[in-house]
2 protein chains.
Amino acid sequence: MDSTEKKDIVSDGAEGRYDCIKLENQLCFPLYVCSKEIVRRYKPFLDEMGITYTQYITMMVLWERGSVTVSRLGECLYLDSGTLTPVLKTLEAKGLVVRKRSAEDERSVIVEATEAGMALREQAVTVPPRMGACVNLSQEDAMELYRILHLLIDNIGK
Amino acid sequence: MDSTEKKDIVSDGAEGRYDCIKLENQLCFPLYVCSKEIVRRYKPFLDEMGITYTQYITMMVLWERGSVTVSRLGECLYLDSGTLTPVLKTLEAKGLVVRKRSAEDERSVIVEATEAGMALREQAVTVPPRMGACVNLSQEDAMELYRILHLLIDNIGK
DNA sequence: TGAAATTAAATTGTGTACAATCTAATTGTA
DNA sequence: TACAATTAGATTGTACACAATTTAATTTCA
């Protein structure tokens with residue numbers, strides 16, 4: 001059984017030819033699934049805050065940096081204006097951010113958190129501990145994952 | 001400098017309180033970025049085939065399994081009918097798949113690749129080698145990443 | 001057996017993502 | 001200094017992704 005199985009893997013040319021496009025042999029697919037599913041897990045916590053995941057990471061940048069231009073925001077989040085413009089309009093409609101044209105360069109739009117936006121930070125700090133429990137990776141695996149993902153991001157950026 | 005820096009990290013209470021919601025301390029964010037950016041890298045290759053990433057992974061399941069129901073497809077791809085129905089209609093319009101109601105259970109819809117859909121497999125096998133070059137991870141890191149992502153998927157599924 | 005519960009897809013509505021294009025402001029340079 | 005090139009955002013169009021709801025078929029079980 002062992003030897004025939006081994007033989008199969010090597011000799012089965014018909015199977016081997018398409019191995020590289022099997023779902024289970026992809027690296028991209030589990031990446032895509034993990035991203036999607038973890039964002040989905042965030043939803044109940046973010047619902048409490050009345051924002052979506054994209055809005056959440058946008059607020060993270062504003063909490064950390066105060067005010068930033070749309071283009072800087074795009075660099076931080078790997079998103080373009082086609083995505084950010086509607087997200088920022090939504091956040092503005094919710095009263096969490098304000099947008100204003102830069103005085104020095106009228107092309108740029110400066111975004112910053114309002115008082116309500118900054119206040120949301122207090123609810124936000126309760127999210128990671130609760131998420132961590134549900135991700136449930138060992139410290140070593142989490143660090144390894146972190147390291148490799150950032151390596152990958154650097155490589156993709158070329 | 002070293003000691004003051006160390007002291008800062010420990011003593012700066014104002015910063016420390018919000019560390020957990022800094023973008024750089026997230027695990028989910030690089031996951032989200034990697035997924036997005038890698039899918040974007042696939043685009044030129046998939047454009048040659050005339051399909052999108054979601055359509056590509058759908059075809060992978062069909063190439064591998066022959067015919068499957070929409071719900072089985074959803075289990076494989078972690079997608080629901082709200083996403084799959086329009087994707088499958090598009091693939092059908094392109095002549096790559098056919099959909100038919102199951103005879104045994106009229107609720108189920110069976111999807112399978114057409115001849116044109118199966119033929120596309122020949123172009124598909126050229127994609128992973130070309131993508132691999134652009135991802136550029138060591139064999140060890142790729143395997144580690146694969147392992148941890150699947151661990152994560154298992155954990156999230158609870 | 002027949003009504004209630006369950007299941008499978010489809011539909012609807014909201015919110016991203018991103019390519020491509022457009023407009024307006026700024027910069028570079030001949 | 002005009003004018004071409006660049007840059008910043010916004011807009012448009014296409015394609016997911018998912019929650020919630022709906023419809024139709026099948027199962028359960030009182």
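**Two protein chains on DNA: how the labels are earned**

User: Happy to be looking at this predicted model with you. What makes chain A a two-domain chain?

Analyst: Chain A is divided into domain 1, residues 50-119, and domain 2, residues 126-158. Their C-alpha centres lie 24 Å apart.

User: How do you know which residues are near DNA strand C?

Analyst: A residue counts as near if one of its heavy atoms lies within 4 Å of the strand. There are 29 residues around DNA strand C, and A:T52, A:Q55, B:Y32, B:T85 and B:K89 come nearest. On the DNA side, sugar and phosphate make up 76% of the atoms of strand C that come within 4 Å of the protein.

User: What makes A:Q55 a polar contact of DNA strand C?

Analyst: The cut-off for a pair of N or O atoms is 3.5 Å. A polar side-chain atom of A:Q55 lies 2.6 Å from a phosphate oxygen of strand C, so the pair is within the limit. A:T54 also reaches a phosphate oxygen of strand C with a polar side-chain atom, at 3.0 Å. B:S71 uses a backbone N or O atom instead, 2.8 Å from a phosphate oxygen of that strand.

User: And what makes B:R107 a contact of DNA strand D?

Analyst: A polar side-chain atom of B:R107 lies 3.5 Å from a sugar or linking oxygen of strand D. The limit is "within 3.5 Å", so this pair still counts. For phosphate oxygens of strand D, the polar side-chain atoms of B:T52 and B:Q55 lie at 2.7 Å and 2.9 Å.

User: Which residues come closest to strand D?

Analyst: Of the 29 that surround it, the closest are A:Y32, A:S71, A:S81, A:T85 and A:K89. Sugar and phosphate account for 77% of the strand D atoms within 4 Å of the protein. By class, the surface near strand D has six nonpolar, 11 polar and 12 charged residues.

User: How do you know whether the span of α6(B) is close to the expected one?

Analyst: α6(B) has 13 residues and reaches 17 Å from its first C-alpha to its last, close to the 18 Å expected at 1.5 Å a residue.

User: Why do you say that the buried residues of α6(B) line one face?

Analyst: B:L84, B:V87, B:L88 and B:L91 are buried, meaning under 20% relative accessible area. Viewed down the helix axis, the buried residues of α6(B) fall within an arc of 100 degrees, so they line one face. On the other side, B:G82 and B:A93 are exposed.

How values were computed. Residues are numbered from 1 along each chain as its sequence is written. Chains are lettered from A and ligands numbered from 1 in the order in which they are written. This is a predicted model: local features need pLDDT of at least 70, side-chain atom pairs count only at pLDDT 80 or more; totals for chains, interfaces and linings use all residues. Side-chain values use heavy atoms; hydrogens and water are left out. Domain bounds come from an automatic or database domain assignment. A polar contact is a pair of N or O atoms within 3.5 Å; within protein, one must be able to donate a hydrogen and the other to accept it, and residues adjacent in sequence count only if both atoms are side-chain atoms. Helices (H or I, at least four residues) and strands (E, at least two) are DSSP runs, numbered from the N terminus. The expected span of a helix is 1.5 Å times one less than its number of residues. Buried means under 20% relative accessible area, exposed over 50%, partly exposed in between (1.4 Å probe, protein chains only). The arc is that of the directions from the helix axis to the C-beta atoms. Ala, Val, Leu, Ile, Met, Phe, Trp, Tyr, Cys and Pro count as nonpolar, Asp, Glu, Lys and Arg as charged, and the others, Gly among them, as polar.
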